[in-house]
Amino acid sequence: MALDKNQIAKRIARELQDGYYVNLGIGIPTLVANHIPPDITVTLQSENGLLGMGPFPFEGEEDADLINAGKQTVTLLPGSAIFDSATSFAMIRAQKVNLTVLGAMEVSDNGDIASWKIPGKMVKGMGGAMDLVASAQNIIVCMMHTNKHGDSKLLKKCSLPLTGVGCVKRIITDLGMFEVTPEGFKLTERAPGVSVEEIQKKTEGRLVVPDDVKEMVI
Amino acid sequence: MDKRVTDADAALKGLKDGMTLMVGGFGLCGIPENLIAALARSGVKDLTCISNNAGVDDFGLGLLLKSKQIKKMIASYVGENAEFERQMLSGELEVDLVPQGNLAERCRAGGAGIPAFFTPAGYGTEVAEGKETREFDGKMYVMERWLRADYSLVKAWKGDTNGNLVYNRTARNFNPLMAMAGTITIAEVEHLVEPGEIDPDHVHTPGIFVHRIFQGKNYEKRIEQRTVRQRA
């Protein structure tokens, strides 16, 4: 069975370590916050100028002056900090943020990522994605393995305009987990019940399959 | 020096067609609502607006798009506005999309007297096309230029008549950076107080960057994505 969005988020959450500062993108990455292991402390950074982001407010306690980068109303945790946008990207650019989790439209087997523009369609802008991928110490991309037409999103070369070059370290899809290596996408875990053959069939880029690929524990 | 003016209309004195403006805010959070409304009333046109976003159809900078007062938009994300999309696709509106961190730093550089700097964001992508690139300590960087504005329009929570500003929560965002980068910077505040009422240690934007200040009124503070959780 391929993973659903919550299971992808849950698996990513296991990559978090005590003391990490983490930036979570919009979509599946946001769900990671719901699965942070209770025995570790992780501080969430939101690039509009907030460290120590808490959960959504209770109804009636929303504050128009307190939002995350997705423009959703949020809360502050004890010990949080507010700052301007230049300071926010200073901590991103200087690699103070330990992990960035974001979605993508395409990833290539050398770690290029395309996530912001489909030529000929409405272009909404890259927001902070180019800054995040250019500087992050560690980037995990989470996405569906194929697009809605069934085409692979793990490619030899991205066909869409790039967000960043050679920056992706790890990818988690509904079918498995992959490391970007000089030899291509290395399959490190497969989703429960998903065969290596299925992953090979749905991966267009170079795929390295070790002899013993473990089944993912969710 | 007392920098107070009576209201938003008086604050915009001297603002002419074709000028470049910076407008603070992130989405609809921390936008200068009174100044945007006054701009719409003034009918000034052919504006270049530098702002992280372009508002929504009927609020924020969306109001100036609807009345076709904006010629060019420099922003990082413009996805919430159907009229924007229509004008962009029809070629009526020129759009320059800039990575958000680059946009912030370019405003800061403009306000700090730094004409250019090197940044890794966008290297190897189309936003770096035609720009100087250079390797420093084994990593590639792109040269980006400062941004400056004829008028910077910012919103703060509290300000004194000397122009010292304090922002509230994430309504700070681009406001302090844009405040630094305006030839004329106008601040609208929710609470205008006398000098001495703001602790100097708590000032976010020193008054030297601010030229005109007034207390805004009727703040709507619209929320774009109202997300809540249920009480247990």
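Contact here means heavy atoms within 4.5 Å. The model discussed is predicted.

Me: With which residues is A:R11 in contact, leaving aside its neighbours within four places in sequence?
Reply: A:R11 is found in helix 1 of chain A, residues 5-13. One residue distant in sequence is A:V217, which stands 206 residues away along the chain and 7.9 Å away in space, C-alpha to C-alpha. Leaving aside neighbours within four places in sequence, the contacts of A:R11 are A:I172, A:M177, A:E189, A:M216, A:V217 and A:I218.

Me: Is A:R11 buried or exposed?
Reply: The side chain of A:R11 is joined to that of A:E15 by a polar contact of 2.9 Å. Buried means under 20% relative accessible area. Because the relative accessible area of A:R11 is 4%, this residue is buried.

Me: Which strands of the open sheet 5-7-6 in chain B stand at the edges?
Reply: The open sheet has 3 strands in the order 5-7-6, with antiparallel pairing. Each edge strand has a single partner strand, so one side is left without a neighbour in the sheet; these are strand 5 (116-119) and strand 6 (133-136) of chain B.

Me: What is the bridge partner of B:E135 in strand 7 of chain B?
Reply: Strand 6 and strand 7 (residues 139-145) of chain B run antiparallel and are joined by 4 bridges. In strand 7, B:E135 has as its bridge partner B:M140.

Me: What is the relative accessibility of B:Q100?
Reply: B:Q100 lies in helix 5 of chain B. Its contacts beyond four places in sequence include A:E47, A:F89, B:F26 and B:F174. B:Q100 counts as buried, since its relative accessibility is 3%.

Note on methods:
Residues numbered from 1 in each chain as written. Chains lettered and ligands numbered in written order. Predicted model: local features only at pLDDT ≥ 70, side-chain atom pairs only at ≥ 80, totals over all residues. Heavy atoms only, no water. Pairing = 2+ DSSP bridges. Helix = DSSP H or I, 4+ residues; strand = E, 2+ residues; numbered from the N terminus. Buried < 20%, exposed > 50% of the residue type's maximum accessible area, 1.4 Å probe, protein only. Polar contact = N/O pair within 3.5 Å; in protein donor to acceptor, adjacent residues only side chain to side chain.
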